[in-house]
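Dear colleague,

I am passing on the structure we spoke about, and below it I have written out what was found when it was examined. Please read the notes with the structure open beside them.

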Amino acid sequence: MAAGFVVLVIDGARAIANALLRFTSLGDLLAAIAHDRYQLLGPAVERNLHPLLWDPVLLCVLQAPASLVALALGFVLLWLGRAPEPRIGIVTRR
């Protein structure tokens, strides 16, 4: 969630500075982080998994705003890692 918030703040600062609202896409973020390996991602997915997985599916995912993807992933991980509810207590139904 922190990464999503950081990307959202950076996008907000960039929007104020440029007077233009533009969100950083997940593909742009991955290209900035892993420049050489990102260029090899498309051919690797098409060769090793399936060509249709790359073109309609992963290209749409990579166009999503990075802040929303990181926030959604953070919420899902928090939900999966929450403590289980105690099963011990007073039974009110009879």
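**Arginine 22 and the salt bridges**

Arginine 22 is partly exposed, with a relative accessible area of 48%. Please keep in mind throughout that this is a predicted model. Arginine 22 forms a salt bridge with aspartate 28, and the closest N and O atoms of this pair are 3.2 Å apart. Aspartate 28 is likewise to be counted as partly exposed, since its relative accessibility is 37%.

The count of salt bridges comes to 2, and another pair to look at is aspartate 11 with arginine 14, where the closest N and O atoms are 3.9 Å apart. That distance falls within the 4 Å that is asked of a salt bridge. Both residues belong to helix α1, which covers residues 2–18, and because they are 3 residues apart there, about one helical turn separates them. Aspartate 11 counts as buried, at 2% relative accessibility, whereas arginine 14 counts as partly exposed, at 38%.

**The chain as a whole**

The protein chain has 5 helices and 0 strands, so that, read from the N terminus on, its elements run α-α-α-α-α. For a compact globule of 94 residues one would expect a radius of gyration near 12 Å, but the protein chain has 20 Å. Taken along the principal axes, the box filled by the C-alpha atoms is roughly 60 × 40 × 20 Å.

Of the 94 residues, 16% count as buried, and the chain exposes about 7,900 Å², of which carbon and sulfur atoms supply 68%. If one takes the contacts in the chain with a separation of 6 or more, residues 24 or more positions apart account for 62% of them.

**Where helix α1 meets helix α5**

Which residues does glycine 4 touch, once those up to four places away in sequence are not counted? They are Ser67, Ala70 and Leu71. Glycine 4 lies in helix α1 and counts as buried, its relative accessibility being 0%. Its C-alpha atom is separated by 7.3 Å from that of valine 69, although the two residues are 65 residues apart along the chain.

Leucine 71, for its part, has its place in helix α5, and at 22% relative accessibility it counts as partly exposed, a value to be set against the rule that buried means under 20%. Leaving aside neighbours within four places in sequence, leucine 71 is in contact with Met1, Gly4 and Phe5. Leucine 71 and valine 7 are 64 residues apart in sequence, and their C-alpha atoms are 9.8 Å apart in space.

**The nonpolar core and its surroundings**

Valine 7 also appears in the largest nonpolar core, which has 6 residues in all, namely Val7, Leu26, Val45, Trp54, Leu62 and Ala66. One of these, tryptophan 54, touches Leu41, Gly42, Val45, Glu46, Leu59 and Leu62, when residues up to four places away in sequence are not counted.

Two of the core residues, Leu62 and Ala66, are also touched by serine 25, whose contacts beyond four places in sequence are Leu62, Gln63, Ala64, Pro65 and Ala66. Serine 25 is found in the loop between α1 and α2, and it counts as buried, at 13% relative accessibility.

Alanine 19 is found in that loop between α1 and α2 as well, but alanine 19 is exposed, with a relative accessible area of 73%. Its backbone deserves a look when you turn the model, for alanine 19 has a positive phi of about 55° although it is not a glycine.

**A nonpolar patch on the surface**

Finally, Leu73, Val76, Leu77, Trp79 and Leu80 make a nonpolar surface patch of about 550 Å². Tryptophan 79, which is part of this patch, has its place in helix α5, and that helix takes in residues 66–80. Is tryptophan 79 buried or exposed? It is exposed, because its relative accessible area is 53% and the limit for that class is over 50%.

With kind regards

Note on methods:
Residues numbered from 1 in each chain as written. Predicted model: local features only at pLDDT ≥ 70, side-chain atom pairs only at ≥ 80, totals over all residues. Heavy atoms only, no water. Patch = residues over 30% accessible without salt bridge, like charges linked within 9 Å, V, L, I, M, F, W, Y side chains within 5 Å. Areas by Shrake-Rupley, 256 points an atom, 1.4 Å probe, with all protein chains shown as cover. Salt bridge = Lys/Arg side-chain N within 4 Å of Asp/Glu carboxyl O. Helix = DSSP H or I, 4+ residues; strand = E, 2+ residues; numbered from the N terminus. Buried < 20%, exposed > 50% of the residue type's maximum accessible area, 1.4 Å probe, protein only. Contact = heavy atoms within 4.5 Å. Rg over C-alpha atoms; globule rule 2.2 N^0.38 Å. Core = buried A, V, L, I, M, F, W, Y, C linked by side-chain atoms within 4.5 Å.
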